[in-house]
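Reader: I would like a close look at a single part of this model, taken slowly and with its surroundings included. Could you choose one strand and follow its connections outward?

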Amino acid sequence: GDGDGDGDGDGDGDGDGDGDGDGDGDPPDGPHLYFLDDPYVGPRQTCSSPKHDIQLRDGDGNPVVVEGQSIYVNMYGSAPEIDFFSDPTCLSPIDMFEIPVGQSQGGFYFMSDTAGSFTIQVQVPGGAYGTATQDQVFVP
């Protein structure tokens with residue numbers, strides 16, 4: 001009985017540690033996506049402000065200007081209640097945003113119908129520039 005209990009405890013601890021470690025690890029060597037803004041903490045059913053900007057950065061943390069063709073970035077919420085928008089009034093839903101040629105960043109607004117702590121993940125289709133994640137908090 002006691003043996004099983006200890007085993008479960010260790011498993012949970014290791015899992016949490018690994019998850020945190022991955023998120024806080026060193027940035028990729030090549031170009032990667034990066035959250036420029038602090039995590040959002042605000043009321044539910046309210047459009048996030050300011051705009052959340054995502055920047056393409058190199059391995060040294062410097063902005064990378066997009067050349068050739070625009071980069072399109074998908075956004076994912078850890079819960080279905082999170083919706084993404086192109087405008088500060090959260091009236092124009094989107095599921096991806098553009099980093100145009102000649103720029104190093106683009107962004108979006110978001111809103112949640114429910115209170116709680118959620119994670120937003122951004123990724124280029126195919127995963128070319130890695131995945132960036134950030135926790136957001138919506139209060140009742």
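**Strand β7 and its surroundings**

Author: In this predicted model, histidine 52 stands opposite phenylalanine 108 in β7, and that pair of residues is a convenient place to begin. The two strands concerned, β3 and β7, pair in the antiparallel sense over 4 bridges. Strand β7 also pairs with β5, again in the antiparallel sense and over 4 bridges, and within that pairing aspartate 83 has methionine 111 of β7 as its bridge partner. The strand itself, which spans residues 105-112, is mostly covered, with 7 of its 8 residues buried.

Some of the side chains of this region can be followed into the nonpolar cores. The largest core has 22 residues, and Phe108 and Phe110 are among those that touch the most other members, together with Leu33, Val73, Phe97 and Val122. Several strands contribute to this core, since β1 (32-35), β3, β4, β5, β6, β7, β8 (116-123) and β9 (131-139) each supply at least two of its residues. A second, separate core of 5 residues includes Tyr109, along with Cys47, Phe85 and Cys90. As a general background, nonpolar side chains in soluble globular proteins tend to be buried together.

The two cysteines of the second core lead to the disulfide, and a search of the whole structure finds 1. It joins cysteine 47 to cysteine 90, with an S to S distance of 1.9 Å, and it links distant parts of the chain: cysteine 47 lies in the loop between β2 (41-43) and β3 (52-57), whereas cysteine 90 lies in the loop between β5 (82-85) and β6 (96-99), 43 residues apart. Both cysteine 47 and cysteine 90 are buried. The torsion about their S-S bond is about 75°, so the disulfide is right-handed.

Returning to the largest core, valine 73 can be traced into another set of strands. Its bridge partner in β6 is phenylalanine 97, and strand β4, residues 71-77, is joined to β6 by 4 bridges, the two running antiparallel. Valine 73 also touches Leu33, Phe97 and Val122, which are among its contacts beyond four places away in sequence, as are Asp95, Met96 and Ile99. Strands β4 and β6 belong to an open sheet of 5 strands in the order β2-β9-β8-β4-β6, with mixed pairing. The edge strands of this sheet are β2 and β6, each of which pairs on one side only, and neighbouring strands are turned by 30° against each other on average, direction ignored.

Conventions. Residues numbered from 1 in each chain as written. Predicted model: local features only at pLDDT ≥ 70, side-chain atom pairs only at ≥ 80, totals over all residues. Heavy atoms only, no water. Disulfide = S-S within 2.5 Å. Buried < 20%, exposed > 50% of the residue type's maximum accessible area, 1.4 Å probe, protein only. Pairing = 2+ DSSP bridges. Axes fitted to C-alpha atoms, helices over the stretch in contact; angles between N-to-C directions. Core = buried A, V, L, I, M, F, W, Y, C linked by side-chain atoms within 4.5 Å. Contact = heavy atoms within 4.5 Å.
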